[in-house]
Amino acid sequence: MDIADQNFVKKVNQKLLLNEILKQAPISRAKLSERTGLNKSTVSSQVSTLMKEHLVYEIGQGESSGGRRPVLLMFNKQAGFSIGIDVGVDDVNGILTDLEGSVIYDQQLMLPSSSPEAAKPILIEFIQQLISHIPSSPYGLVGIGVCIPGLVDANEQIVFTPHSKWKNIDLKTTLQDTFHVPVFIENEANAGAYGEKIFGAAKHYDHLMYASIGTGIGIGIIIDQHLYRGAYGFSGEMGHMTIDFNGPTCSCGNRGCWELYASEKALFESLQSSDQKVSYQDIEERAKMNDMKTINALRNFGFYLGVGLTNVLHTFNPQAVILRNKIIESQPTVLSVIQHEVSSRMDPQFSSIVELLPSSLGHNAPALGMSSLVNEAFLHHATLSQ
Ligand SMILES: [Zn+2]
């Protein structure tokens, strides 16, 4: 083997060991050797490299099976920190996490204007504020992940956001030039799906859908544990799936799109009159008082979601669908209508085995997904770069 090949093998072994320490810590060198099949001297030399890189440290001593008690190894989750940001239509949610994804600081912001020219400097200042909360650490900020509710292409360029009308925006380069760390841009539903897969309601599923139900409807697709982005990055735009071919015209040019009926925007529109806006709080209070108009609107919301989700389930056959919407998370009636609708429209062989679950991470799901994409890239780079 030439030197380059030898280095590569060392790096692959390091990655294998780091993964095992991440999953099994606290763990001894002997156990690592047993679990990875690498011999003890390889484990020992690669662990000492990981320790020099501040990614692993030793703690006290573990159980002994006779003889000397082994020293245990831990992953240094505070070796660096990542930022995850979810840019909504009119607000921004930002979190700062350690390398294991524990949130150590979070901040929200209302966007005074959704135009990209106005939003860019605000976003940069917002990131600077998050950075100021990073504790002192060997690597400091390891990357920034930003998700947006719109189309992001395979080169992480923002192609279009339907509601705030961003068009062809290269936020990745702007942020990389400003902060000099890796930057990742992702679609919001994809980010949420990933967050729920790593930390939330979908932790134990390999095949899942994440439905982000807000101004529109976006679906994040995870197949065999991996995000499915499509050939050009535009998968999951199922809010524009036709559910009524004679229906009203949608902003996308199609007619009778699912999100015209089943988005949160559609629910709010069905409840407000021309002179009166409705808030989340109004809906909760009126539902509690059994206000018929509100109850009917919530049932309709569940009905239309169930109709569209039936199509999604027939297409992907996932183990679970995670539903991210504040009203679904607080009003169990909606989820039971969805479940009823889905099971009345599908063969029980399909519908009885799929779990329909409200999001367990709530509004943090997309930001957590982004910070975990950043962390994974950092750890991959730390162990696999030459
Ligand atoms: Zn449409």
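Strand β12, which spans residues 208-213 of this predicted model, has 6 of its 6 residues buried, so the strand is largely enclosed by the rest of the structure. In a regular strand the side chains alternate between the two faces of the sheet. In β12, Leu208, Tyr210 and Ser212 point one way while Met209, Ala211 and Ile213 point the other way, and the residues of both groups are buried.

The strands that pair with β12 come next. With strand β13, made up of residues 217-223, β12 pairs in the antiparallel sense over 6 bridges, and these two strands form a hairpin that has 3 residues between them. With strand β15, residues 320-324, β12 pairs in the parallel sense over 5 bridges. Met209 can serve as a reference point for a reader tracing these pairings, since this residue of β12 stands opposite Ile221 in β13 and also stands opposite Val321 in β15.

Earlier in the chain lies helix α5, residues 171-179, whose buried residues are Leu171, Lys172, Leu175 and Phe179. Seen down the axis of α5, these buried residues fall within an arc of 100 degrees, so they line one face of the helix. The general background is that an α-helix has 3.6 residues a turn, so residues three or four places apart point the same way. The elements that cover the buried residues of α5 include the helix α4 (116-131) together with the strands β7 (140-148), β9 (158-160), β10 (167-169) and β11 (183-187). Just after α5, His180 takes a positive phi of about 55 degrees.

The zinc ion offers another place to look. Which atoms coordinate the zinc ion? The ion is held by ND1 of His240 and by the SG atoms of Cys250, Cys252 and Cys257, at 2.0 to 2.3 Å. Along the chain, these donors follow the spacing H-x9-C-x1-C-x4-C. Both His240 and Cys250 lie in the loop between β14 (226-227) and α7 (258-262), so the pair ties together parts that are 10 residues apart in sequence. Why is the arrangement around the zinc ion called tetrahedral? The 4 donor atoms subtend angles of 103 to 122 degrees, and because four donors count as tetrahedral if all angles lie between 85 and 135 degrees, the arrangement meets that description. Cys250, one of the residues that coordinate the zinc ion, has a relative accessibility of 6% and therefore counts as buried, the cut-off being under 20%.

Technical notes
Residues numbered from 1 in each chain as written. Predicted model: local features only at pLDDT ≥ 70, side-chain atom pairs only at ≥ 80, totals over all residues. Heavy atoms only, no water. Donors = N, O, S within 2.8 Å, 3.2 Å for Na, K, Ca; no water. Tetrahedral: all angles 85-135°; square planar, octahedral: opposite > 155°, others 65-115°. Helix = DSSP H or I, 4+ residues; strand = E, 2+ residues; numbered from the N terminus. Buried < 20%, exposed > 50% of the residue type's maximum accessible area, 1.4 Å probe, protein only. Pairing = 2+ DSSP bridges. Arc of directions from axis to C-beta. Contact = heavy atoms within 4.5 Å.
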